[in-house]
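Subject: Structure handover

Hello,

Here is the structure we spoke about, with the sequence alongside. My notes follow below it.

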Amino acid sequence: MKKNILTLVLASITFVGFAQETYTLSSGSTLTIDGTSTLHDWTVTANTMDGKLVAEGTAPKEIDFEVLVADIKSERGATMDKKTHNALKMEDHPKVTFKLKEVKGSSSVVGTLNIAGHEKEVEIETEMTNASGQLKIKGEKPIKLQDYDMEPPSAMFGQIVVGDDVVVKFDLVFTK
């Protein structure tokens, strides 16, 4: 009988040690996309994001993250927004998504990034911190538009053309 109780206690301790915690993306999170054109540099901001993170201890085990394309906005106004939404093929693909596959070490995540309907496996260098019930993931990822079958937008009959290279910068805060 004592052996059964000891086995039960050890099993309980083992399961507690591997407990998973679920976090949700907080409103304090930010994501911007920086790019260039033949006229000026530009930035657009993702204003509607959603995400869930499951962690074991301090390490993420699952991340499901999405950005609503319709709410990616520029300070340059509606014309820039429309060109951005068209490039991202918003009508057919209303969300940009990322799904975690694995965490490498303590500073790199690997996952599937889906932009404009094209999926690619990406590795992203990050800074991850876990404190006060929050798990923060910060980083940036250079992306080529043509890798996702996106045509760089143009204006003024092709006189202004967006560069193929953009940088996605994010500071995501997940809370319990």
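A residue is called buried here when its relative accessible area is under 20%, exposed when it is over 50%, and partly exposed in between. By that cut-off Ile72 is buried, because its relative accessible area is 3%. Please keep in mind that this is a predicted model.

Overall make-up

The chain has 176 residues, and buried ones make up 35% of them. Its secondary structure consists of two helices and 13 strands. Of the contacts in the chain with a separation of 6 or more, 58% are between residues 24 or more positions apart.

Helix H2 and what it packs on

Helix H2 covers residues 78–87, and its buried residues are Met80, Asp81, Thr84, His85 and Ala87. Seen down the axis of H2, these buried residues fall within an arc of 160°, so they line one face of the helix. On the other side of H2, the exposed residues are Ala78, Thr79, Lys82 and Asn86. The buried residues pack against two strands, S3 (42–46) and S6 (72–74).

Ile72 belongs to strand S6. Leaving aside neighbours within four places in sequence, Ile72 is in contact with Asp81, Thr84, His85 and Leu88, as well as with Val44, Thr45, Ala46 and Val67. Two of the partners just named, Thr84 and His85, are also listed among the buried residues of H2. Ile72 and Lys82 are 10 residues apart in sequence, and their C-alpha atoms are 9.8 Å apart in space.

His85 sits in helix H2. With a relative accessible area of 9%, His85 counts as buried. Apart from neighbours within four places in sequence, the contacts of His85 are Val69, Ala70, Ile72, Lys73 and Met90.

Lys83 is in helix H2 as well, but it is partly exposed, with a relative accessible area of 30%. The C-alpha atoms of Lys83 and Ala155 are separated by 8.9 Å, although the two residues are 72 apart along the chain.

Loops

Which residues that are not glycine have a positive phi of about 55°? Lys89 is one of them, and Ala116 is another. Lys89 comes just after H2, in the loop between H2 and strand S7 (95–104). Ala116 is in the loop between strand S8 (108–115) and strand S9 (118–131). Lys89 is partly exposed, with a relative accessible area of 27%, whereas Ala116 is buried, with a relative accessible area of 3%.

Leu39 lies in the loop between strand S2 (30–35) and S3. Is this leucine, Leu39, buried or exposed? Leu39 is exposed, because its relative accessible area is 58%. Between Leu39 and Val161 there are 7.9 Å from C-alpha to C-alpha, and the two are 122 residues apart in sequence.

The largest nonpolar core

There are 39 residues in the largest nonpolar core, and those with the most contacts inside it are Leu31, Phe65, Phe98, Ile115 and Phe174. The strand that gives the most to this core is S13 (residues 165–175), with five residues.

For Phe174, neighbours within four places in sequence again left aside, the contacts can be read in three stretches of the list. They include Tyr23, Thr24 and Leu25. Also in contact with Phe174 are Gly51, Lys52, Leu53 and Ile63. The rest of the list for Phe174 is Gly133, Gln134, Leu135 and Ile137.

The largest pocket

How much space lies in the largest pocket? The volume is about 800 Å³. The largest pocket is lined by 42 residues, of which Ile33, Trp42, Val44, Thr84 and Val166 are the closest to its centre. By class, the lining has 32 nonpolar, seven polar and three charged residues.

Two of the residues closest to the pocket centre, Val44 and Thr84, are also contacts of Ile72. Thr84 is in addition one of the buried residues of helix H2.

Regards

Terms used
Residues numbered from 1 in each chain as written. Predicted model: local features only at pLDDT ≥ 70, side-chain atom pairs only at ≥ 80, totals over all residues. Heavy atoms only, no water. 1 Å grid on protein atoms, 1.4 Å probe; cavity = no way out; pocket = protein on both sides within 12 Å on 5 of 7 lines; lining within 4 Å. Points joined across faces, edges and corners; volume = space filled by probe spheres on them. Nonpolar A, V, L, I, M, F, W, Y, C, P; charged D, E, K, R; others polar. Core = buried A, V, L, I, M, F, W, Y, C linked by side-chain atoms within 4.5 Å. Buried < 20%, exposed > 50% of the residue type's maximum accessible area, 1.4 Å probe, protein only. Helix = DSSP H or I, 4+ residues; strand = E, 2+ residues; numbered from the N terminus. Contact = heavy atoms within 4.5 Å. Arc of directions from axis to C-beta.
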